[in-house]
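Me: Walk me through this one, will you? I'd like to know what stands behind the labels.

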Amino acid sequence: MANEQKGSSGTSILSLPTEVLSEVLARFASSSSTDLFRAKLCCKLFYEVSDADNIYQQVSLDKFEIVPWQKNHKVSRFLEKCRESKNPEALYRKGVVDFFTDKHEDSALECVEEAANSGHADAAYALGIIYIFVGGDELKRKGMRLLKKSRILKGRVKLCRDNLLALLRMIWVKNPVFLNPTPICCAMTHERKTSSWPMDADEVEESTCEGYACDEEIGAICAALPYG
Ligand SMILES: [Zn+2]
């Protein structure tokens, strides 16, 4: 058959340089982990190539539960490798789950920051919320800027809020910083105005206030939090 003749003339996929092959597999993996695992079983070369960092970095985690009901060593190891290879979704999941359940707070925050820096919108949203909760003035302002000004979140705030809430419904929120939310972004936004025009401070149109919008964001998250 024509295909077989072509194969025997030396242009088979197996003769591609391994970097090219791993790039091809990474593309498959980014849309479906199932395709990656199938390719892995297909031959020894694929099996070896599929262990490359760029594949773990891009592989889709859609088929994996965000919070697994049962601990599975193989899955844990796989997700760990994804995080080591800087897979943004893997970093986001681990970071948010750990942070809100009050485990390894520092490394959890680093995971979320790393995911957000690589352009993961859900991570950027979660990071904005976390900064506002834990921050002193400067970090709170950074959180407000993230929620209201970042390009990654433009037009996606509602979607990201829904995604974060869906994730938080699967865990018990134990981190004490989330237990007593106090809306303060609005007040912070008007600090300077308050000192120059104390009389006008109360008359600010809240619907246009970025701080107020952030407080509402915080309120929406807190209202939906399951506390354990
Ligand atoms: Zn305000």
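Me: What makes H6 stand out in the lining of the second largest pocket?
Reply: H6 gives the most to that lining, with 5 residues. Helices here are DSSP runs (H or I, at least four residues), numbered from the N terminus. This is a predicted model: local features need pLDDT of at least 70, side-chain atom pairs count only at pLDDT 80 or more, and totals for chains, interfaces and linings use all residues. Residues are numbered from 1 along each chain as its sequence is written, and side-chain values use heavy atoms, with hydrogens and water left out.

Me: Which domains does the lining of the second largest pocket draw on?
Reply: Domain 1 (16-60) and domain 2 (64-223) each supply at least three residues; the bounds come from an automatic or database domain assignment.

Me: How do the residues of that lining divide?
Reply: Into 7 nonpolar, no polar and 5 charged. Asp, Glu, Lys and Arg count as charged, so Lys40 and Asp51 of the lining fall in that class.

Me: Why is H9 called roughly perpendicular to H11?
Reply: The axes of H9 (residues 121-134) and H11 (residues 157-168) cross at roughly 80° and come within 9 Å. Angles of 65 to 115 degrees count as roughly perpendicular, so the label fits H9 and H11. Axes are lines fitted to C-alpha atoms, for helices over the stretch in contact, with angles running from 0 to 180 degrees between N-to-C directions.

Me: Which residues make that contact?
Reply: Among them are Tyr125 and Ile129 of H9, and Arg161 and Leu164 of H11; contact means heavy atoms within 4.5 Å.

How values were computed: Helices (H or I, at least four residues) and strands (E, at least two) are DSSP runs, numbered from the N terminus. Angles under 35 degrees count as roughly parallel, over 145 as roughly antiparallel, 65 to 115 as roughly perpendicular and the rest as oblique. On a 1 Å grid over the protein atoms alone, a cavity is a set of points where a 1.4 Å probe fits but cannot get out, and a pocket is an open set with protein on both sides within 12 Å along at least five of seven lines; lining residues have an atom within 4 Å of a point.
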